[in-house]
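User: I am new to this structure. Please walk me through some of the labels and show the reasoning behind each one.

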Amino acid sequence: GCPIFAAMSRAANRMVAMLARTHHAFQKCQQTPIGVSSMVGVWEGIKIQRLCYQSVLCARGFAAGVDSGGKKMTSGPVNWKSFALFCVTGGGLVAFYDYEKNRRKQAAVPKSVGKAAIGGPFTLVDQSGKKFTDKDLLGQWALLYFGFTHCPDICPDELLKIADAVDGIEQKAGKQVVPVFISIDPERDSVAQVRSYVKEFHPRMLGLTGSKEQTSAAAKAYRVYFTKANETEKDYLIDHSIISYLVDPSGDFVAFYGKNSDAETMVKEISDHIKHWAPQK
């Protein structure tokens, strides 16, 4: 037979054998449990790299071939092209190995189930001085925001955004969402103060306050952070979470919207929640 084809055939057979051994190493690595010593995975990775290197050497022999006299050719343009091709292939195999290991690690992480532990019962006082609890919101969608009436800029901006959002939701989804302001500054936010404050933002906005214990309990139920800041003898500010909480007609927490969520985004997402919501049996 022709010595060129014989050499090419031997090189091809070696390449097939190398690829088969590489595949076997991959399978063994994938079957290794995550909890088993990581040294197994490292050893398999080294084997794969070694096999890839051997495949490259084999490819160089394949590309070099032999001349018409049966002697090996020492150089040629195809040699380096094939060498580069198999370097890329070997790198891809190693990258695939890393990808598979990371994928299996992520798959092994237990996923959380159930709803977020946000929300719960509260008892406060509305802007009319009447007792108001979480039960009074049942049967309607609501957006809750925790703040204080002496807030210089953030609270007004967020409440105006909420007002725009609830109007947009009513137009888009045909449902009213109740905007609710809950004070975290009961020392200064009296019933009269809250009543006057919420009127500035939306005619349907509810204003709730209460004792220090009551407002703290409501804030704790919704995982709201707040603390006094820049306190002097005459004045202080309150550093607090800047989040609006969406509550469904069953009284369950649905979603939250931070400072970076604009009114347009809230209208779209809340309208979708309303459209797909169904009471739990």
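Analyst: Gladly. This is a predicted model. A search of the whole structure turns up 8 salt bridges.

User: What makes arginine 188 and aspartate 185 a salt bridge?

Analyst: The closest N and O atoms of arginine 188 and aspartate 185 are 2.6 Å apart. The cut-off is 4 Å, between a side-chain nitrogen of Lys or Arg and a carboxyl oxygen of Asp or Glu. The pair therefore counts as a salt bridge.

User: Why is aspartate 185 called buried?

Analyst: Aspartate 185 has 2% relative accessibility. Buried means under 20%, so aspartate 185 qualifies.

User: Which salt bridge does aspartate 235 form?

Analyst: Aspartate 235 pairs with arginine 188, with the closest N and O atoms 2.8 Å apart. Aspartate 235 sits in the loop between β6 (226-229) and β7 (237-240), and arginine 188 in the loop between β4 (177-183) and α5 (191-198), so the bridge ties together parts 47 residues apart in sequence.

User: Why is aspartate 235 called partly exposed?

Analyst: Its relative accessible area is 39%. Partly exposed lies between the 20% and 50% cut-offs, so the label fits aspartate 235.

User: How do you know that lysine 228 and glutamate 231 form a salt bridge?

Analyst: Their closest N and O atoms are 4.0 Å apart. The definition asks for within 4 Å, and lysine 228 and glutamate 231 are listed as a salt bridge. Lysine 228 is partly exposed, at a relative accessible area of 36%. Glutamate 231 has 53%. Exposed means over 50%, so glutamate 231 is called exposed.

User: Which residues do shared salt-bridge partners join into one network?

Analyst: Asp185, Arg188 and Asp235.

User: Where is threonine 209, and why is it called buried?

Analyst: Threonine 209 is in the loop between β5 (206-208) and α6 (212-221). Its relative accessibility is 4%. The limit for buried is under 20%, so threonine 209 counts as buried.

User: What does the side chain of threonine 209 reach?

Analyst: It reaches the backbone oxygen of aspartate 189 at 2.9 Å. Leaving aside neighbours within four places in sequence, threonine 209 has contacts that include Leu124, Val125, Pro186 and Thr215.

User: How many helices and strands does the protein have, and what share of its residues is buried?

Analyst: The protein has 7 helices and 9 strands. Buried residues make up 38% of the 281 residues.

Methods. Residues numbered from 1 in each chain as written. Predicted model: local features only at pLDDT ≥ 70, side-chain atom pairs only at ≥ 80, totals over all residues. Heavy atoms only, no water. Helix = DSSP H or I, 4+ residues; strand = E, 2+ residues; numbered from the N terminus. Buried < 20%, exposed > 50% of the residue type's maximum accessible area, 1.4 Å probe, protein only. Polar contact = N/O pair within 3.5 Å; in protein donor to acceptor, adjacent residues only side chain to side chain. Contact = heavy atoms within 4.5 Å.
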